[in-house]
Amino acid sequence: MFLRENINDNKKDKLTGLYRKDFFNDTKYSVSCIIIIDIDYFKNINDTYGHQVGDIVLKEVSDRIRYFISKTDIGIRWGGEEFVILLGEEIDIKQLKIKLNQLLHAISDIKICNIDVTISIGSFLSPNKIILANAFKSADEALYESKRTGRNKYTILMN
């Protein structure tokens, strides 16, 4: 069972303000929908503009994610330039596609530090709640499909 009220603010990443992976990397959590977001070509941003600008990009992307998600969703900095959203409410495939398109545009439509920033997204949707680790594995496969087929897009795997 996923209880938002048991999540403490001290479990948040200092840079992004999103929750940290270490609190969620556990088999006791179950979800029916998970979204994984990866900033496209983030290493190139760090290499070209420096880590200070890279940190600004991470902060701004996380701010846009936080603005985008509902109060029942949970945003997590999963590591480096990778973020996870756990949806707190039931969603169907049509609603999920709308949400993912909105998320893509929330990041790419306005430059960050005069840099065009895009994301790739992988998502997993199931009619039933499944263990977070298993849902993550499927969403991660979807993420790599998005990256492999062109980036700045989403892929959804369904159960």
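1. Helices are taken here as DSSP runs of H or I that hold at least four residues, and they are numbered from the N terminus. With that in hand, helix H1 spans residues 42–49, and because Lys43 and Asp47 are four residues apart in H1, about one helical turn separates them. The two residues form a salt bridge, in which the closest N and O atoms are 2.6 Å apart, and both Lys43 and Asp47 are exposed. The model is a predicted one, and what follows should be read with that in mind.

2. The sheet is open and made of six strands, which follow the order S1-S3-S4-S2-S5-S6 with mixed pairing. Strand S1 (19–20) and strand S6 (154–158) stand at the edges, where each has a single partner strand, so one side of each has no neighbour in the sheet. As background, the strands of a sheet pair through backbone hydrogen bonds, in either a parallel or an antiparallel sense. Strand S5 (residues 119–131) pairs with S6 in the parallel sense over five bridges, and Gly122 stands opposite Thr155 in S6.

3. Two helices can be placed against these strands. Helix H2 (residues 51–68) lies across S2, strand S3 (74–79) and strand S4 (82–86), and runs at about 15° to S4. Helix H3 (residues 93–108) packs on the sheet and touches S2, S4, S5 and S6, with its direction making about 150° with that of S5.

4. The count of salt bridges comes to eleven, and one of them deserves a closer look: the side chains of Asp38 and Lys147 meet in a salt bridge of 2.8 Å, N to O. This pair links distant parts of the chain, since Asp38 belongs to strand S2 and Lys147 to helix H4 (residues 132–148), 109 residues apart. Asp38 counts as buried because its relative accessibility is 10%, which falls under the 20% cut-off, and Lys147, at 16%, counts as buried by that cut-off.

5. What surrounds Asp38, which is found in strand S2 (residues 30–39)? Leaving aside residues up to four places away in sequence, Asp38 touches Glu81, Glu82, Thr118, Ile119, Ser120, Leu143 and Lys147. A network of salt bridges links Asp38, Asp40 and Lys147.

6. A further salt bridge joins the side chains of Lys111 and Asp116, at 4.0 Å from N to O. Lys111 counts as partly exposed at 45% relative accessibility, whereas Asp116, at 57%, counts as exposed because that value is over 50%.

Methods
Residues are numbered from 1 along each chain as its sequence is written. This is a predicted model: local features need pLDDT of at least 70, side-chain atom pairs count only at pLDDT 80 or more; totals for chains, interfaces and linings use all residues. Side-chain values use heavy atoms; hydrogens and water are left out. Contact means heavy atoms within 4.5 Å. Two strands pair if DSSP finds at least two bridges between them. Axes are lines fitted to C-alpha atoms, for helices over the stretch in contact, and angles run from 0 to 180 degrees between N-to-C directions. Buried means under 20% relative accessible area, exposed over 50%, partly exposed in between (1.4 Å probe, protein chains only).
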